[in-house]
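Please open the structure in your viewer and keep the selection panel at hand. The stops below say what to select next and what can be found there.

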Amino acid sequence: MVKQLTRKTFKIKDGVWIAFLIILVILPLIPAVAANSFRMHVMILILLFASMAQAWNIISGYCGQVSFGHSVFFGIGAYGAGMAVVKYGDTPWPGILIGLIIAALVAIIISYPCFKLSGHYFAIATFAIVEIFNRGFLVWDWIGGALGLDYPIINEGLKNIMWHNSKTSYYYCALVIFTFIFGVVRWLESHRFGYYMRAIREGQETAESLGVNSTNIKLTAMAISAAMAALCGAFFVQYNLRVDPPMVMSLDTSMKFVLVTILGGSGTLAGPLLGAAVLVPLQEYTRAFWGGLGGGVDLMIFGLLIIIIVVKQPAGIIGIFNYIGKCFFRQKETGERYASHGTP
Amino acid sequence: MHPMALLDVCEVTMKFGELIANDRVSFTVEAGSIVGLIGPNGAGKTTLFNCISGLYKPASGTIIFDGDDITGHKPYEIARRGAVRTFQVVHPLKDMTVFDNVLVGALLKCRDRQEAFERATECIYLCKLEHFQNRAAGDLPIGGKKRLEMARALATRPKLLMLDEVMAGLTSTEIKAFIDVIRNLKKSGITMMIVEHVMEGIMPIADKVVVLDGGVKIAEDTPEKIINNERVIEAYLGAKYSQRFKPRKDGEPLG
Amino acid sequence: MADPILKVDNLYAGYDGIPVVHGISLEVMQGELVAIVGANGAGKTTTMRTISGLAHPLKGKIFFEEKDISRLAAHQILKLGISYVPEGRRLFAKLSVEQNLTLGAYTEHSQKEILRRQEELMEIFPILKTRARQTAETLSGGEQQMLAIARGLMSRPRLLMLDEMSLGLMPSMVDKMMETIIDINRRGTTVLLVEQMVQEALDIAHRGYVIQNGKILQSGSARELLDSEEVRKAYMGM
């Protein structure tokens with residue numbers, strides 16, 4: 001007699017996320033937060049980094065294809081918007097759209113041959129890609145070369161995605177992007193595509209033997225991931241008002257995608273957010289308090305954190321939570337659950 | 001009435017450099033039947049499975065499944081057509097739960113999620129994995145991992161299920177229970193090709209047994225005839241084993 | 001009456017603090033061939049691993065030649081004279097037969113002694129002599145199993161523990177394997193083996209223990225167990 005187990009689509013954890021989002025929406029309305037420009041800045045960066053990390057999480061966390069090349073897509077997104085505004089004097093919107101498309105296409109073209117390389121070699125190939133784009137953009141005069149693009153003074157408003165005095169609107173922009181990217185990943189996680197991605201990560205050959213077209217899935221995941229990274233890049237340039245190759249197309253930036261996710265817990269929905277929530281304040285506050293030295297101290301602490309995580313708990317902060325949870329619930333488990341159910 | 005063979009393996013040869021792992025192997029698997037594939041380690045059984053399931057491209061020969069030539073096709077295509085195999089060296093998707101493992105299989109043919117969940121649940125109960133379903137697949141004992149291989153493959157609703165040594169390490173009583181599961185699957189219309197070393201698990205249920213030795217097919221016959229085949233006894237069963245089966249054979253039907 | 005070479009006293013063992021074995025007591029006398037049988041997941045391998053030091057007991061004690069080895073590490077237990085051959089062979093695939101054997105005598109320092117033992121083992125396992133220079137991964141399943149056992153014997157153990165030696169072996173090889181184990185026992189090594197092929201194991205053993213759900217269901221001479229209704233029904237499919 002087969003017991004019919006229905007798996008709920010809408011789980012308790014979704015409720016938690018929605019409650020959390022509501023808090024995030026209300027946050028800037030609290031005077032204590034809104035008044036402090038620095039705190040808003042930190043909040044915005046947390047949302048941005050979390051979004052970047054989540055984009056990376058799609059192809060590298062869930063699908064297991066570790067990429068060190070995501071700064072390229074981030075950069076394409078930034079330059080897309082930047083070019084539209086600076087070179088063409090337009091609103092950034094068309095630039096953003098073009099940036100997304102180009103990022104996805106570049107991702108597919110680069111990955112197709114690279115996916116034939118197994119595991120570590122793919123990651124190494126992505127290192128090379130970043131360097132190629134970095135050098136290329138430095139000498140490409142049409143997009144500004146080494147000088148990059150500087151934003152002129154423009155009218156503010158949603159049309160230009162530009163606000164001069166308060167950070168609140170930028171915050172809500174970042175929140176929209178955050179919600180969108182996290183929503184996409186949540187959806188993927190619970191549908192066929194997500195299961196197939198994880199199966200490929202756990203064992204590509206095994207997945208294929210169960211009918212999974214791994215090439216298609218990997219390319220699609222890469223394209224989505226790249227487009228999301230580009231979206232983050234577009235927001236970045238609108239907020240930063242400036243972009244140049246070392247700022248976006250560098251290994252440095254690529255590592256931000258990687259490390260935030262790994263710290264929080266790669267392959268999980270909350271990981272990117274947890275990683276960002278730890279790293280961004282660390283980075284911004286050490287920079288603020290230690291002035292000139294600040295640029296180094298945060299990286300040192302960061303490096304230390306990574307070493308601890310990799311050695312002690314590779315599953316990141318989420319792994320730590322799970323471990324605590326397991327310890328807490330251990331008393332409830334009886335030995336019987338694990339004993340064999342013996343002879344039929 | 002001549003039943004159309006579901007699987008037609010025709011003169012398949014597979015080489016690794018100089019080593020000939022499969023040497024012009026030919027046999028058929030009739031729809032709805034159970035075919036046993038036995039032979040010493042290194043005889044080429046898993047290599048043959050790999051050729052059929054698309055992991056290897058044979059050096060020569062053809063493989064026809066359900067009327068179509070699938071020689072050299074990609075593994076995922078062959079799985080989609082309905083020929084699915086398990087792995088002798090188990091490959092659990094380690095960090096995913098047992099349920100999610102089987103779900104990956106179910107998602108192949110089940111169009112919507114609820115259907116996939118139900119199919120996965122069904123296969124989990126069939127393979128007695130219900131107590132493990134929320135555990136990480138990598139944590140299972142070896143027996144559980146083997147059952148997981150089977151549940152996952154079963155979830156894809158295969159026409160041809162290829163099992164690679166799933167009975168290794170079972171006690172005789174467990175084997176009997178497993179045989180019942182196989183018989184039920186046969187009744188539900190699934191054709192099976194089973195590689196086994198556990199004779200009491202395969203001889204009672206096989207309609208036909210194919211024997212490989214050193215890459216070559218040395219026999220293809222009913223279990224009764226195979227047990228008495230001199231060449232098979234010499235290469236594989238050993239004198240003691242064929243003796244063990246003889247009394248049972250005379251007294252009662254195998255199985 | 002002599003003391004047992006191995007004594008397991010009320011053992012609780014498992015993983016992550018959760019017991020799989022619930023109070024097992026057993027003993028093996030010098031020179032015996034004792035079999036532990038039972039279903040998948042019953043706790044046989046967990047018991048073996050705990051005795052050999054790869055896992056620690058949650059409760060209970062293990063005595064080898066009257067010494068308490070419950071808390072010792074695996075390599076210390078090896079030095080004391082227990083050799084554990086795990087299921088699944090676990091050979092060094094890319095190393096040759098000879099190299100695998102040499103590594104089995106890891107605790108022995110004299111090169112001459114190691115060579116002497118190697119020759120002795122190649123006498124017991126002639127197939128290994130033929131394949132001495134081949135890499136372990138090129139051997140067939142049965143040959144690999146032989147190599148695993150031979151490697152286990154290289155440390156000259158007084159107690160040899162074998163875990164599922166018949167796994168994945170063709171019928172004629174299973175028979176050969178069982179004959180070899182009897183031979184090893186006759187030459188003086190005490191053997192404790194875990195087997196899922198209940199009939200085959202009890203056919204060669206002096207005594208046996210049947211484990212079910214982490215507890216001992218029955219114990220006694222091999223003959224007693226083979227004749228037992230309960231064992232026949234639950235394990236031998238009769």
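Begin by colouring chain C by confidence: this is a predicted model, and chain C has a mean pLDDT of 89, with 100% of its residues reaching 70 or more. Among the elements of chain C, the lowest mean pLDDT, 85, belongs to helix α5 (residues 126-130) of chain C, and the highest, 95, to β7(C). For the model as a whole, the scores are ipTM 0.89 and pTM 0.84.

**The two domains of chain C**

Next, give separate colours to domain 1 of chain C, which takes in 1-81 + 158-178 + 189-238, and domain 2 of chain C, which covers 88-156. If you place a marker at the C-alpha centre of each of these two domains, the markers will lie 24 Å apart. Where they meet, 10 residues of domain 1 of chain C are in contact with 8 residues of domain 2 of chain C. On the domain 1 side of this contact, at least two residues each are supplied by α2 (74-80), β7 (159-163) and α7 (171-186) of chain C. That side, sorted by class, has 8 nonpolar, 1 polar and 1 charged residues.

**R158(C), in a loop**

Now select R158(C), which sits in the loop between α6 (141-153) and β7 of chain C. Is R158(C) buried or exposed? R158(C) counts as partly exposed, because 17 other C-beta atoms lie within 10 Å, whereas a buried residue would need 20 or more and an exposed one 12 or fewer. With its neighbours within four places in sequence left aside, R158(C) is in contact with I5(C), G81(C) and T190(C). Select L80(C) as well and draw a C-alpha to C-alpha distance: R158(C) and L80(C) are 78 residues apart in sequence, yet 8.6 Å apart in space.

**Helix α7 of chain C**

Move on to α7(C), whose 16 residues reach 23 Å from the first C-alpha to the last, close to the 22 Å expected at 1.5 Å a residue. Show the side chains of the buried residues in α7(C), which include S172(C), M173(C), M177(C), I181(C) and N185(C). An α-helix has 3.6 residues a turn, so residues three or four places apart point the same way. After α7(C) comes G188(C), with a positive phi near 120°.

**Two hairpins, in chains C and B**

Select strand β9 (residues 207-212) of chain C together with strand β10 (residues 215-221) of chain C, which run antiparallel and are joined by 6 bridges. Within this pair, I211(C) has I216(C) in β10(C) as its bridge partner. The hairpin of β9(C) and β10(C) has 2 residues between the strands, and N213(C) takes a positive phi near 50° there.

Then turn to chain B and select strand β9 (residues 208-213) and strand β10 (residues 216-221) of chain B, which pair in the antiparallel sense over 5 bridges. Here V211(B) stands opposite A219(B) in β10(B). The hairpin formed by β9(B) and β10(B) has 2 residues between the strands, with G214(B) in the turn showing a positive phi of about 60°.

**Where chain B meets chains C and A**

Keep chain B selected and bring chain C back into view: the contact takes 22 residues from chain B and 20 residues from chain C. On the chain B side of this contact, the elements that give two or more residues are α6 and α9 (230-251) of chain B. By class, the residues of that side divide into 9 nonpolar, 9 polar and 4 charged.

Now show chain A alongside chain B, where 29 residues of chain B are in contact with 24 residues of chain A. Two or more residues each come from α2 (75-81), β6 (83-85), α3 (98-106), α4 (113-126) and α6 (172-187) of chain B. Of the side of chain B that touches chain A, the largest share, 5 residues, comes from α4(B). The same side holds 13 nonpolar, 7 polar and 9 charged residues.

**Chain A and its helix α4**

For the last stop, select chain A, which has 15 helices and 2 strands. Of its 344 residues, 45% count as buried. Among the contacts in chain A with a separation of 6 or more, 73% are between residues 24 or more positions apart. Finish on helix α4 (residues 70-86) of chain A, where 17 residues reach 24 Å from the first C-alpha to the last, close to the 24 Å expected at 1.5 Å a residue. This helix, α4(A), is mostly covered, with 17 of its 17 residues buried.

Key
Residues numbered from 1 in each chain as written. Chains lettered and ligands numbered in written order. Predicted model: local features only at pLDDT ≥ 70, side-chain atom pairs only at ≥ 80, totals over all residues. Contact = placed C-beta atoms within 7 Å. Helix = DSSP H or I, 4+ residues; strand = E, 2+ residues; numbered from the N terminus. Nonpolar A, V, L, I, M, F, W, Y, C, P; charged D, E, K, R; others polar. Expected span 1.5 Å × (residues − 1). Domains from an automatic or database assignment. pLDDT = per-residue confidence, 0-100. Pairing = 2+ DSSP bridges.
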